[in-house]
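I opened this entry to look up how the strands are arranged, what one helix packs against, and where the core lies. My notes follow in the order I took them.

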Amino acid sequence: MLHAIPDDARTLGADLRSLRRARGLTLQGLADVLGRSVGWLSQVERDLSSPSINDLREIARVLDVSISSLFRASALPQEAGHIVRKASRRPIGSREAGLVEELLSPDLTDEFEVVHSTFLPGAKLGQAVRRPTQEVGYVAAGCLTLWIGEARFELGEGDAFRIRGEPFRWHNPSSQPCEVIWVISPPVY
């Protein structure tokens, strides 16, 4: 039996609420940083009010996401909340040079998100990052050098890895793009 996805799970407000919670921010905390009222932010998260483009820019900055990740491509009504077509993936992620990321999940309202990352030839994250997440990655194509903590791993097509809140960094040493599918919990984009 198919279960319907609630309409509010497919909205900008629902995504903003999920991102805010993933960052450990309260309504009051985010409203304070934005210089807006809790009431206004609550209405935006419940889709009772639409933020201006300037509001969205500021929200994206504070939540450390690209503004483009807040916009959704249209889906056929029967596919909304279930299907993400390749041409309709939302760009997301870091602004690291040489890294292109797209959201494969229909939205950010689940306990996890699925991300498609393309590491261009020579792309490198020199400074390690640490996120309060659990992440599993699968190398779908190419190769990737991955450091988790101080350990270095050479990964190739078909290899998988897990990161549990540890510092990590990466490098694509190849002349070919590397594609990785990530499952990240909780959603961070």
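**Sheet.** I started with the strands of this model, which is predicted. I found an open sheet of 6 strands in the order β1-β2-β3-β9-β4-β7, and the pairing is antiparallel. I then looked up which strands stand at the edges. They are β1 (90–92) and β7 (160–164). Each has a single partner strand, so one side of each is left without a neighbour in the sheet. From one strand to the next, I noted a twist that averages 30°.

**Strand β9 and its partners.** I went on to β9 (residues 178–185), which is joined to β3 (residues 113–119) by 7 bridges. The two strands run antiparallel. I looked up two positions in this pair: Thr118 stands opposite Glu179 of β9, and Val115 stands opposite Trp182 of β9. Strand β4 (residues 134–141) also pairs with β9, in the antiparallel sense and over 7 bridges. There I noted Tyr138 opposite Ile181 of β9.

**Faces of β9.** Which side chains of β9 are buried, and which are not? I found that they alternate along the strand. Cys178, Val180, Trp182 and Ile184 point to one face and are buried. Glu179, Ile181, Val183 and Ser185 point to the other face and are not buried. Of the residues I had looked up as partners, Thr118 therefore stands opposite a residue of β9 that is not buried, Glu179.

**Core.** Next I looked up the largest nonpolar core, which has 38 residues. The members that touch the most other members are Phe119, Trp170, Val180 and Trp182. Val180 and Trp182 are also on my list of buried side chains in β9. The largest share of the core comes from helix α4 (residues 53–63), which gives 5 residues.

**Helix α4.** I turned to α4 and listed its buried residues: Asp55, Leu56, Ile59, Ala60, Val62 and Leu63. Seen down the helix axis, the buried residues of α4 fall within an arc of 165°, so they line one face of the helix. On the other side of α4, I found Asn54 and Arg61 exposed. What do the buried residues of α4 pack against? I noted three helices as the answer: α1 (12–22), α2 (27–34) and α3 (38–45). My last look was at the residue just after α4, Asp64, which takes a positive phi of about 55°.

Methods:
Residues are numbered from 1 along each chain as its sequence is written. This is a predicted model: local features need pLDDT of at least 70, side-chain atom pairs count only at pLDDT 80 or more; totals for chains, interfaces and linings use all residues. Side-chain values use heavy atoms; hydrogens and water are left out. A nonpolar core is a set of buried Ala, Val, Leu, Ile, Met, Phe, Trp, Tyr and Cys residues joined through side-chain atoms within 4.5 Å. Buried means under 20% relative accessible area, exposed over 50%, partly exposed in between (1.4 Å probe, protein chains only). Helices (H or I, at least four residues) and strands (E, at least two) are DSSP runs, numbered from the N terminus. Two strands pair if DSSP finds at least two bridges between them. Axes are lines fitted to C-alpha atoms, for helices over the stretch in contact, and angles run from 0 to 180 degrees between N-to-C directions. The arc is that of the directions from the helix axis to the C-beta atoms. Contact means heavy atoms within 4.5 Å.
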